[in-house]
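Biologist: I am new to this structure and would like a close look at a single part of it. Please take one sheet as the starting point, and then work outwards to whatever lies around it.

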Amino acid sequence: MTDQQPLARPSAPWMLSLDAWLADWAGTDSSRAAVARTLSQVGQACRDIAHVVAQGPLAGALGDATGAANADGDAQTTLDVRANDLLRDALAQAPVAYFASEEEETVQTLAEDGTIAVAVDPLDGSSNIRVDVSVGTIFSLYPAKPGDPTGSLLRPGREQLAAGYVIYGPHTALVLTVGAGVDLFVLDPRDDTFKCVKQGLAIPPTTSEFAINASNYRFWATPVRAFVDDCLEGTEGPRQKNFNMRWIASMVADAHRIFTRGGVFLYPADSRPGYAKGRLRLLYEAAPIALLTEQAGGGATDGMEPILDLAPDHLHARIPLIFGSREKIDRIAKYHADPSLVQDVSPLFRERGLFRK
Ligand SMILES: O=P(O)(O)OC[C@H]1O[C@](O)(COP(=O)(O)O)[C@@H](O)[C@@H]1O
Ligand SMILES: [Mg+2]
Ligand SMILES: [Mg+2]
């Protein structure tokens, strides 16, 4: 084994560490300082989660079920629980009043005098842990309403102060917004700090890639089938171009591809029992991804309305989620809004007497 390379000096201002970036953004503003301290703690927890993920089976059977289920009825894995504990413990060192998590039944009060409420999906893509495919963490910050833990979180996503995700892939990356664009950080293994490597991420407005779990085709509603049929028909269909399909089953990994080279992600409602509102959670998954997406020039919808305009009616509420390149989101919304455009759609791979523009 060779010695590690010496650390290169930051070659540009955008090579700032996360903490320096946060200090620069917060300046002397006390509300921003609370957000900055909270995000710094999120960064530390995610660094620790990255270490556990990188150890794989050396850290124990991370992908094994603990035997317990979360509030959604999903089986919890060892890593779901460890990631949740690391985040909660780190956020107890920040001005965080309330902590809500996909893995916790109710909102936890951390600091009575805290000013921030945090919602997390500690480990996104749990089914991929055992197969060494990228997983992630998703987080979202709101202003805390004193004495109202649940009310601090059941509000439209537009009220988020900040949101982001961390992807634990071949490298660990953080994608963050504080409401003024989206910046990309990479965890530098040489000194264990996140460094800003790109400012102002922009989702390309057009694309020829889509992501959906196609095994559910027969359960989808007509507008979703119509959109996917158009993509599958390629140059011979109404879109007159070929599309590529990718489904990683870790939303964070699918999102990271979309933030990098465009595309659209769909987890729609379907007719399976329990999927009337899809699978993904509005508070922990859809709202933060939607804020990032809009800040990067893309769109996020449940088919009818922008995700950021919707408030969950309970902590673990689900929502159909479609996000990505603007042009695709507009097209899907059009199919949902005007059924006459898609009413003649026939099952996949059969003839259909339909023309769509
Ligand atoms: O197995 P399915 O139905 O394709 O669902 C995959 C989706 O479920 C999720 O794993 C849900 O997230 P969790 O792993 O946090 O429960 C997404 O990351 C992913 O897009
Ligand atoms: Mg998830
Ligand atoms: Mg999860």
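Modeller: In this predicted model, strand β13 (residues 264–267) and strand β15 (residues 321–324) run antiparallel and are joined by 4 bridges. One pair to look for is Leu266, whose bridge partner in β15 is Ile322. The two strands belong to an open sheet of 5 strands with mixed pairing, and the order across it is β12-β11-β13-β15-β14. At the edges stand β12 (244–245) and β14 (299–301); each has a single partner strand, so one side of each is left without a neighbour in the sheet. Helix α5 (residues 251–261) lies across β11 (209–211), β13 and β15, and its direction makes about 155° with that of β13.

The chain is divided into two domains, domain 1 (13–198) and domain 2 (209–341). Their centres, taken over C-alpha atoms, are separated by 24 Å. Domain 1 gives 36 residues to the contact and domain 2 gives 29 residues. On the side of domain 1 that touches domain 2, at least two residues each come from β5 (116–124), β6 (135–143), β7 (162–168) and β8 (172–177). The largest share of that side, 5 residues, is supplied by β6. By class, the residues of this side of domain 1 are 17 nonpolar, 13 polar and 6 charged.

Ligand 1 also involves both domains. Domain 1 and domain 2 each give residues to the shell around ligand 1, so the ligand lies between them. The shell has 13 residues, and the closest are Asp124, Ser126, Asn213, Ala249 and Met251. Divided by class, the shell around ligand 1 has 5 charged, 5 polar and 3 nonpolar residues.

The strands named at the domain contact lead to another sheet. This is an open sheet of 8 strands, in the order β4-β3-β5-β6-β7-β8-β9-β10, and its pairing is mixed. Its edge strands, β4 (108–109) and β10, each pair on one side only. Strand β3 (residues 96–101) and β5 run parallel, with 5 bridges between them. In this pair, Val96 stands opposite Ile116 in β5. Helix α6 (residues 282–295) packs on the sheet and touches β3, β5, β6, β7 and β8; the angle between its direction and that of β6 is about 85°.

Further along the order come two hairpins. In the hairpin of β8 and β9, the strands are antiparallel and joined by 4 bridges, with β9 covering residues 183–188. Here Leu174 has Phe185 as its bridge partner in β9. Between these strands are 5 residues, and Gly179 in this hairpin takes a positive phi near 90°. Strand β9 also pairs with strand β10 (residues 193–198), in the antiparallel sense and over 5 bridges. In that pairing, Phe185 stands opposite Cys196 in β10. The hairpin of β9 and β10 has 4 residues between the strands, and Asp192 takes a positive phi near 60°.

One helix remains to be described. Helix α2 (residues 30–55) has 26 residues, which at 1.5 Å a residue should span 38 Å; its end C-alpha atoms are 38 Å apart, so the two values agree. After α2 comes Gly56, whose phi is positive, near 55°.

Conventions. Residues numbered from 1 in each chain as written. Chains lettered and ligands numbered in written order. Predicted model: local features only at pLDDT ≥ 70, side-chain atom pairs only at ≥ 80, totals over all residues. Near = placed C-beta within 6 Å. Nonpolar A, V, L, I, M, F, W, Y, C, P; charged D, E, K, R; others polar. Domains from an automatic or database assignment. Pairing = 2+ DSSP bridges. Contact = placed C-beta atoms within 7 Å. Axes fitted to C-alpha atoms, helices over the stretch in contact; angles between N-to-C directions. Expected span 1.5 Å × (residues − 1).
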